[in-house]
Amino acid sequence: MVDKLAAAMDKNDHAVGVFVDLSKAFDTVNQDIPLGKLSNYGARGPTYNIIFSYLSGRAQYVSYNSAMSAKQDVVCGVPQGSILGPLLFLVYVDDMQNCSKLLNFILFADDTNLFITAKKSIDIISLANIELEKLGSCFKANKLSLNVNKSKYIYFRSACKGSSCSVGSLRIDNSIIEKVPNIKFLGIIIDKSLSWKAHVVNISKMISRNIGVCKRVRHKVDFKTATLLYDTMILPYFSYCNIIWANCSKYNLKKLYKLQKRAIRVIFYVNSRTHSAPLFRKLQRFNIYDIYKSQLCHFMYLSINRLLPVVFDQYFCQNINIHGHNTRSALNIHCNYARTNARASSIRINGPVCWNGLPVHVRNSVSLKKVLNSICYRFMVPVDYACVYFIGFMIID
């Protein structure tokens, strides 16, 4: 999503992102519809009968102390908290993206988000409204209810270009969608210029509060417990989706780095002027800059070795595929040109730069363990610890 938005901004295009909220999405699923779609997808015979039996014949009641209400039949919805629940809901909504050829859908469970780009600001709203009308019809066909009050949209535009877009308003089913400068999307606050300033401010508050908690209890716990507090209450804010937002301005990132150094000093129970670099090495933890570099190298390894979803297969290419010259950098990953800061700081641009900086024998290795060894040697942390940052570490040979 971020790559597409940054590319649009780099081309001086106008982009709109609509973040749709569905009212009680899992509870309002019409059970006949996913069963019909499963049948069309080829789930028939015993497979279909098992799923039909799983959804049908359910009842619910309320129990309080020793009192129980009468049982009522469950005629809609998929069981939440179950393994099949999210899968059945995905089957239910997956064909939603076929309702429009212009909208780019980002679907994650019941989070429905869509994006559209255009060359002119006068076209973007009118095009979006036409496509949203099709989406509204799709909602009705699937008997899904839109929560208008929680549905928002962002007009994405480079900060230097301004973000004025006052041509009309976005509507779904004749309901006006509110325009906002930023919104939380899967735990990350995304803003209209992809500066990530709002996200940094938000997690800074969370981290500061948790550092205060750790500081108040530090004299009552041992070092091992203090380290556990750091790993559970502070580190996740630095590492979650770091590869996306840690390309923000140096000023914003420096504020987070100061907080991280403050947290490390609390763990070691030293004064605020103690040099932090030896403490990071002794604790065997990455700082925020190295977390970004390690996640970026790991992403590059997975992409180059075709271990990511197919959408990333053509994400990067070598220089030899761009030109036929036999140069020393012919086997390097090609670095694209970026006109705007949003594009220049994206994975598409930063990824090749970071990957090309690794030794050739490491880049050519089919072993993730060797890549991790090289990264950890540069950042002076053990390989075993580095694995906790990487989603795909189970493929280490």
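**Exercise 1. In which loop is the place of Leu186?**

Step 1. Leu186 sits in the loop between β12 (182-185) and β13 (188-191). Helices (H or I, at least four residues) and strands (E, at least two) are DSSP runs, numbered from the N terminus.

Step 2. Note the model and its numbering. This is a predicted model, with residues numbered from 1 along each chain as its sequence is written. Local features need pLDDT of at least 70 and side-chain atom pairs count only at pLDDT 80 or more, while totals for chains, interfaces and linings use all residues; side-chain values use heavy atoms, with hydrogens and water left out.

Step 3. Classify Leu186. Its relative accessibility is 33%, so Leu186 counts as partly exposed. The classes are buried (under 20% relative accessible area), exposed (over 50%) and partly exposed (in between), with a 1.4 Å probe and protein chains only.

Step 4. Place Leu186 in its patch. Phe108, Leu186 and Tyr240 make a nonpolar surface patch of about 310 Å². Patches take residues with over 30% relative accessible area and no salt bridge; like charges are joined within 9 Å, nonpolar side chains (Val, Leu, Ile, Met, Phe, Trp, Tyr) within 5 Å. Accessible areas come from the Shrake-Rupley method with a 1.4 Å probe; for residues, only the protein chains shown count as cover.

**Exercise 2. Trace the salt bridge of Asp3 and the network around it.**

Step 1. Set the criterion: a side-chain nitrogen of Lys or Arg within 4 Å of a carboxyl oxygen of Asp or Glu. A search of the whole structure finds seven salt bridges.

Step 2. Take the pair Asp3 and Arg348. Their closest N and O atoms are 2.8 Å apart. Asp3 lies in helix α1 (residues 2-10) and Arg348 in helix α14 (residues 347-356), so the pair ties together parts that are 345 residues apart in sequence. Asp3 and Arg348 are both buried.

**Exercise 3. Analyse two further salt bridges, then identify the network.**

Step 1. Lys119 and Asp13 form a salt bridge, at 3.1 Å from N to O. This pair links distant parts of the chain, 106 residues apart: Lys119 is in the loop between β7 (111-118) and α5 (121-141), and Asp13 is in the loop between α1 and β1 (14-20).

Step 2. Compare the accessibilities. Lys119 counts as exposed at 58% relative accessibility. Asp13 counts as buried at 10%.

Step 3. Turn to Lys37 and Asp95. The closest N and O atoms of this salt bridge are 3.0 Å apart. Here too the pair links distant parts of the chain, 58 residues apart: Lys37 is in helix α2 (residues 32-41), Asp95 in the loop between α4 (84-93) and β6 (104-108). Lys37 counts as buried at 11% relative accessibility. Asp95 is partly exposed, with a relative accessible area of 25%.

Step 4. Look for shared partners. Salt bridges that share partners join Asp3, Arg343 and Arg348 into one network.

Step 5. Locate Arg343. Helix α13 (residues 341-344) holds Arg343. Arg343 is buried, with a relative accessible area of 11%. Leaving aside neighbours within four places in sequence, its contacts (heavy atoms within 4.5 Å) are Asp3, Ala6, Ala7, Asp10, Ala338, Arg348 and Ile349.

**Exercise 4. How many disulfides does the count come to?**

Step 1. Recall the bond. A disulfide is a covalent bond between the sulfur atoms of two cysteines. The cut-off used is a pair of cysteine sulfur atoms within 2.5 Å.

Step 2. Check Cys138. The closest cysteine sulfur, in Cys99, is 4.9 Å from the sulfur of Cys138, too far for a bond. Cys138 is buried, with a relative accessible area of 12%.

Step 3. State the count. By this rule there are zero disulfides.

**Exercise 5. Describe the setting of Asn242.**

Step 1. Asn242 lies in helix α9 (residues 242-245).

Step 2. Its relative accessibility is 0%, so Asn242 counts as buried.

Step 3. Not counting residues up to four places away in sequence, Asn242 touches Ile288, Ile291, Tyr292 and Gln295.

**Exercise 6. Where is confidence lowest, and where is it highest?**

Step 1. Use pLDDT, the predictor's confidence in each residue, from 0 to 100. The protein averages 82, and 89% of the residues score at least 70.

Step 2. Find the extremes. Confidence is lowest in helix α17 (residues 383-386), at a mean of 45, and highest in helix α6 (residues 197-217), at 94.

Step 3. Inspect residues 380-397. There pLDDT stays under 50, and the model has 41 contacts beyond four places in sequence for this stretch.
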